[in-house]
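User: I would like to learn how to read a model like this one, feature by feature. Could you give the general idea each time and then show me the case at hand?

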Amino acid sequence: MEKKQAEEKLEKGAGLFNEGEIDKAITLFKSAIKLNKKLSSAYYNLALAYQKKGDIPQVTRYLEMVIKLKPDDYVSQNFLGHNYNLQNKIQKAILCFQKALKVNPKMLEALYNLGFCYMQIEDSKKALYYL
């Protein structure tokens, strides 16, 4: 019963998110998590909502929770790497992009992001390899 209620709150929150009601969506995503702490999509949606608000530390926090629940989620790994890069945590970003590529070696966005990180640390050989 609680899992079903959690899914309903998640779905309603996603609708509110799409309508631009970010704060209301955040409240529903958090309510969904209270009902089902293993609902990784609620954490992911919280990360998206906080990204819309420009709250990078919260984005990172919720993406880390997604990855804790689903270590092979390469989309979240890439998203987390991007957020680390925004915080100038280049080595952490590189590790995330590498993890994403380990699961999905053809993920173009992760390849580009990894190459860009190597450019930032002036490792042109690796940058050219990934770009």
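Analyst: Let us begin with a term: a helix here is a DSSP run of H or I with at least four residues, and helices are numbered from the N terminus. Phe-97, to which we shall return, lies in helix H6. Please keep in mind throughout that this is a predicted model.

User: How many helices and how many strands are there in the protein?

Analyst: The protein has eight helices and zero strands, and, read along the sequence, its pattern is α-α-α-α-α-α-α-α. Taken along the principal axes, the box filled by the C-alpha atoms is roughly 55 × 25 × 20 Å. Of the 131 residues, 43% count as buried, and among the contacts with a separation of 6 or more, 39% are between residues 24 or more positions apart.

User: How do I read the packing of two helices, and at what angle do H3 and H5 pack?

Analyst: The idea is to look at the angle between the two axes, where a value under 35 degrees counts as roughly parallel. H3 and H5 pack at about 30°, and their axes are 12 Å apart, so H3 and H5 are roughly parallel to each other. The crossing in which H3 passes H5 is left-handed. On the H3 side the contact is made by Tyr-44, Ala-47, Leu-48 and Gln-51, and on the H5 side by Val-75, Ser-76 and Phe-79; sorted by class, this contact has five nonpolar, two polar and no charged residues.

User: And why are H5 and H6 described as roughly antiparallel?

Analyst: An angle over 145 degrees counts as roughly antiparallel. The axes of H5, residues 74-86, and H6, residues 90-103, cross at roughly 165° and come within 8 Å, and H5 and H6 are therefore roughly antiparallel to each other. Here too the crossing is described by its hand, and H5 passes H6 in a left-handed one. The residues making the contact include Tyr-74, Gln-77, Asn-78 and Gly-81 of H5, together with Ala-93, Cys-96, Phe-97 and Ala-100 of H6. By class, the contact of H5 with H6 has nine nonpolar, five polar and two charged residues.

User: What should I look for in a nonpolar core, and which residues touch the most other members of the largest one?

Analyst: In soluble globular proteins, nonpolar side chains tend to be buried together. The largest nonpolar core in this model has 39 residues, and Phe-29 and Leu-46 touch the most other members. At least two residues of this core come from each of H1 (2-18), H2 (22-35), H3 (40-53), H4 (56-69), H5, H6 and H7 (108-120). Leaving aside neighbours within four places in sequence, Leu-46 is in contact with Ile-26, Phe-29, Lys-30, Ile-33 and Tyr-62.

User: How is burial read for single residues, and is Phe-97 buried or exposed?

Analyst: A residue counts as buried when its relative accessible area is under 20%. Phe-97 has 1% relative accessibility and therefore counts as buried. Not counting residues up to four places away in sequence, Phe-97 touches Asn-78, Gly-81, His-82, Ala-110, Asn-113, Leu-114 and Cys-117.

Two further cases can be read in this way. Ala-6 has its place in helix H1 and is buried, with a relative accessible area of 0%; apart from residues up to four places away in sequence, Ala-6 touches Ala-32, Leu-35, Asn-36 and Leu-39. Asn-83, found in helix H5, also counts as buried, at 0% relative accessibility, and with the same residues set aside, those up to four places away, Asn-83 touches Ile-56, Val-59, Thr-60 and Leu-63.

User: Finally, what does a backbone angle add, and where is Asn-88 found?

Analyst: Most residues other than glycine have a negative phi. Asn-88, although it is not a glycine, has a positive phi of about 65°. Asn-88 is found in the loop between H5 and H6, and this residue is exposed, with a relative accessible area of 59%. Glu-122 has a phi near 60°, a positive value in a residue other than glycine. Glu-122 lies in the loop between H7 and H8, the latter spanning 124-130, and at 73% relative accessibility Glu-122 counts as exposed.

How values were computed. Residues numbered from 1 in each chain as written. Predicted model: local features only at pLDDT ≥ 70, side-chain atom pairs only at ≥ 80, totals over all residues. Heavy atoms only, no water. Axes fitted to C-alpha atoms, helices over the stretch in contact; angles between N-to-C directions. Parallel < 35°, antiparallel > 145°, perpendicular 65-115°, else oblique. Left-handed = near helix turned anticlockwise from the far one by under 90°. Contact = heavy atoms within 4.5 Å. Nonpolar A, V, L, I, M, F, W, Y, C, P; charged D, E, K, R; others polar. Core = buried A, V, L, I, M, F, W, Y, C linked by side-chain atoms within 4.5 Å. Buried < 20%, exposed > 50% of the residue type's maximum accessible area, 1.4 Å probe, protein only.
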